[in-house]
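This report is intended for a reader who has the sequence and the three-dimensional structure at hand. Please examine both before reading on.

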Amino acid sequence: MQEIVLIGGGGHSKVLIEIIKLLKQYKIIGILDSQIAIGTYISGIAVLGKDDLMSNLYTKGVKNACIAFGSIKDNSKRKNLYEKVKQFGFQVPSLLHPYSIISKDTIISEGVQVTAGAIIQKGSTIGSNSIINTGAIIEHDCVIGKHVQVCPGVVISGDCVIGDGAFIGAGVTIIQGIKIGNNSIVAAGAVVVENVPDNTKVMGVPARMVNK
């Protein structure tokens, strides 16, 4: 098995550790996290130190990295870390839970994470470093951009476009054909029935624009 290092040791890392173990394709050599003491174990995996160990690990032959934390509204940290590990030369494999349902007629880009119970239907595209979380439904012919987080229980109807860096909160429903702009936030529980511009936050039923 190829070796992989996890960047981040929060709750999302536990989910990814389980996926990696179920897939049996990678051996996790440790976790890098500047906020957690060296030697701490998370789901049986040791914290090795801070992010500054990445270069050393790559030199020693670890060629795979995983961005192992989610985000709360702001996906910029995930984006920046993804770009950083790519600059070092790491591959960022997609991690697809074996109990997710993904149509064979989809495009899954590098670094995508799909957790248990998610469904991605025919003709959809998921951009690099995006998370499709537990029980989320991506219907047919959707385009999910890069560095997007789709939270648990989201329903995205057919032919929708979700822009780069967007955050789609838990339990959101987006009706067919809607476009969500780059870096926009859809608050938990919202029902989106109109297009959302770039850099905009919406909430409510139906969703309306609010100040970030």
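The sections below describe strands, one buried residue, cysteines and aromatic rings in a predicted model.

## Strands and sheet

Strand 1 (residues 2-7) and strand 5 run parallel and are joined by four bridges. Within this pairing, Leu 6 stands opposite Cys 66 of strand 5. Strand 5 covers residues 64-67, and its side chains alternate: Asn 64 and Cys 66 point one way, while Ala 65 and Ile 67 point the other way. All four of these residues are buried.

The model also holds an open sheet of eight strands, in the order 6-9-12-15-18-21-23-24, with mixed pairing. Strand 6 (95-96) and strand 24 (208-210) are the edge strands, as each of them pairs on one side only. Inside the order, strand 18 (residues 167-168) pairs with strand 21 (residues 185-186) in the parallel sense, over two bridges. Here Ile 168 stands opposite Val 186 of strand 21.

## The surroundings of Gln 149

Gln 149 is found in strand 15 (residues 149-150). With a relative accessible area of 6%, Gln 149 counts as buried because the cut-off for this class is under 20%. Setting aside neighbours within four places in sequence, Gln 149 is in contact with several residues, among them Gly 70, Ser 71, Asn 75 and Asn 133. Its contacts also include Ala 166, Phe 167 and Ile 168.

## Cysteines without disulfides

A disulfide is a covalent bond between the sulfur atoms of two cysteines. The structure holds zero disulfides. The sulfur of Cys 142 has its closest cysteine sulfur in Cys 160, at 4.9 Å, and this is too far for a bond because a disulfide requires sulfur atoms within 2.5 Å. Cys 151 is likewise in no disulfide, and its nearest cysteine sulfur, that of Cys 160, is 16 Å away.

Cys 142 is buried, with a relative accessible area of 0%. Cys 151 also counts as buried, at 8% relative accessibility.

## Aromatic rings and lysines

The count of aromatic pairs comes to one. The ring centres of Tyr 58 and Phe 90 are 5.1 Å apart and their planes lie at 70 degrees, so the pair is edge-to-face. Tyr 58 belongs to helix 2 (residues 54-59) and Phe 90 to the loop between helix 3 (76-88) and strand 6, so the pair ties together parts that are 32 residues apart in sequence. Tyr 58 is partly exposed, at 24% relative accessibility, whereas Phe 90 is buried, at 0%.

Two lysines lie over ring faces. Lys 63 lies over the face of Tyr 58, at 3.6 Å from the ring centre. Lys 77 lies over the face of Phe 69, at 5.0 Å from the ring centre.

Notes:
Residues numbered from 1 in each chain as written. Predicted model: local features only at pLDDT ≥ 70, side-chain atom pairs only at ≥ 80, totals over all residues. Heavy atoms only, no water. Buried < 20%, exposed > 50% of the residue type's maximum accessible area, 1.4 Å probe, protein only. Contact = heavy atoms within 4.5 Å. Pairing = 2+ DSSP bridges. Phe/Tyr/Trp six-rings, centres within 6.5 Å; stacked < 30°, edge-to-face > 60°. Lys NZ or Arg CZ within 6 Å of the ring centre and 35° of its normal.
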